[in-house]
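Biologist: I would like to learn how to read pockets, cores and buried polar residues from a set of coordinates. Could we take them one at a time?

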Amino acid sequence: MESDAIRWISLNGEKNAATLNLVKGNNVYGEKLVKQGGEEYRIWDPFRSKLAASLKKGMKNMPIRNGTKVLYLGASTGTTVSHVSDIVGPGGIVFAVEPATRVARELIENVASKRKNVMPIIEDARRPQSYFSVFGKVDVVYCDIAQPDQTDIAISNCVAYLKKGGVMLLVIKTRSIDVTMDPRAVVAQEAARLEKNGFLIDQIINLEPFDKDHGMISCKYGT
Ligand code: SAM
């Protein structure tokens, strides 16, 4: 998968995705900055970002592109949010939801204050009706909140904000849901729950070796 804002760059014999840096000269979490074709790219670490791991593991349809409007749940300090901000560019927007004030402060200081297309929302994703700054519907909902009821939370956010035909990317941390079950069975169970709620599964990606017992589900909403 390659677009103007995502490139595969070889570094120390490893091919990694990299994103076109929206804030020249600035890095967010110690990632390498690399010049190519007169442009600056930020190497996207698959061990630090499950979206980078998904690309590396063969995500077929990357729904985030130039101009995409994204609702991102579980923004944390903004590692992945910053790369999503690079990809959507000045014409897109990332509504970044994070309830933990300590990490949200870092998200604001290191990412949102430097990137006009990142709008921090210090709220719990269990209460989507409380995001007053989200306007209209979004193209993509990205959810990485590591909670036992993460699938239901993600669905309620899609019902409130995802346009029909939009895409949800849901990170499943299987141990947050059931430590005793086989991780693959947990992911399959959550995928079935999504199908019951009007989602069409596009792809399920096992994130090993980058993240143990994690899966990424890519699905389409309400088509
Ligand atoms: N997505 C981030 C990245 O790739 O840079 C990492 C996310 S981390 C695994 C999970 C985050 O979800 C934590 O920052 C946590 O505070 C947040 N979280 C947990 N419960 C949440 C909830 N109910 N609503 C929104 N965020 C939540």
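Biologist: How much space lies in the largest pocket?

Modeller: Bear in mind that this is a predicted model; in it, about 400 Å³ of space lies in the largest pocket.

Biologist: Which residues lie nearest the centre of that pocket, and how is its lining divided by class?

Modeller: The lining comprises 24 residues, and those nearest the centre are G74, A75, S76, E98 and D144. Sorted by class, the lining of this pocket holds nine nonpolar, seven polar and eight charged residues.

Biologist: Turning to the interior, which residues of the largest nonpolar core touch the most other members?

Modeller: The general idea is that, in soluble globular proteins, nonpolar side chains tend to be buried together. Here the largest nonpolar core has 34 residues, and the members touching the most others are W44, L51, M62, I64, V70, V81 and M216. Two or more residues each come from the helices and strands α1 (50-56), β5 (69-73), α2 (79-88), β6 (93-97), α3 (101-112), β8 (138-143) and β9 (162-173). Another core, of 30 residues, lies apart from it and includes I145, I153, A191 and C219.

Biologist: Is N157 buried or exposed, and what does its side chain reach?

Modeller: N157, which is found in helix α4 (residues 150-161), counts as buried because its relative accessible area is 0%, where the cut-off is under 20%. Its side chain reaches the backbone oxygen of A125 at 3.0 Å. Leaving aside residues up to four places away in sequence, N157 touches L71, L73, A125, P128, Y131 and L162.

Conventions
Residues numbered from 1 in each chain as written. Predicted model: local features only at pLDDT ≥ 70, side-chain atom pairs only at ≥ 80, totals over all residues. Heavy atoms only, no water. Core = buried A, V, L, I, M, F, W, Y, C linked by side-chain atoms within 4.5 Å. Buried < 20%, exposed > 50% of the residue type's maximum accessible area, 1.4 Å probe, protein only. Helix = DSSP H or I, 4+ residues; strand = E, 2+ residues; numbered from the N terminus. 1 Å grid on protein atoms, 1.4 Å probe; cavity = no way out; pocket = protein on both sides within 12 Å on 5 of 7 lines; lining within 4 Å. Points joined across faces, edges and corners; volume = space filled by probe spheres on them. Nonpolar A, V, L, I, M, F, W, Y, C, P; charged D, E, K, R; others polar. Polar contact = N/O pair within 3.5 Å; in protein donor to acceptor, adjacent residues only side chain to side chain. Contact = heavy atoms within 4.5 Å.
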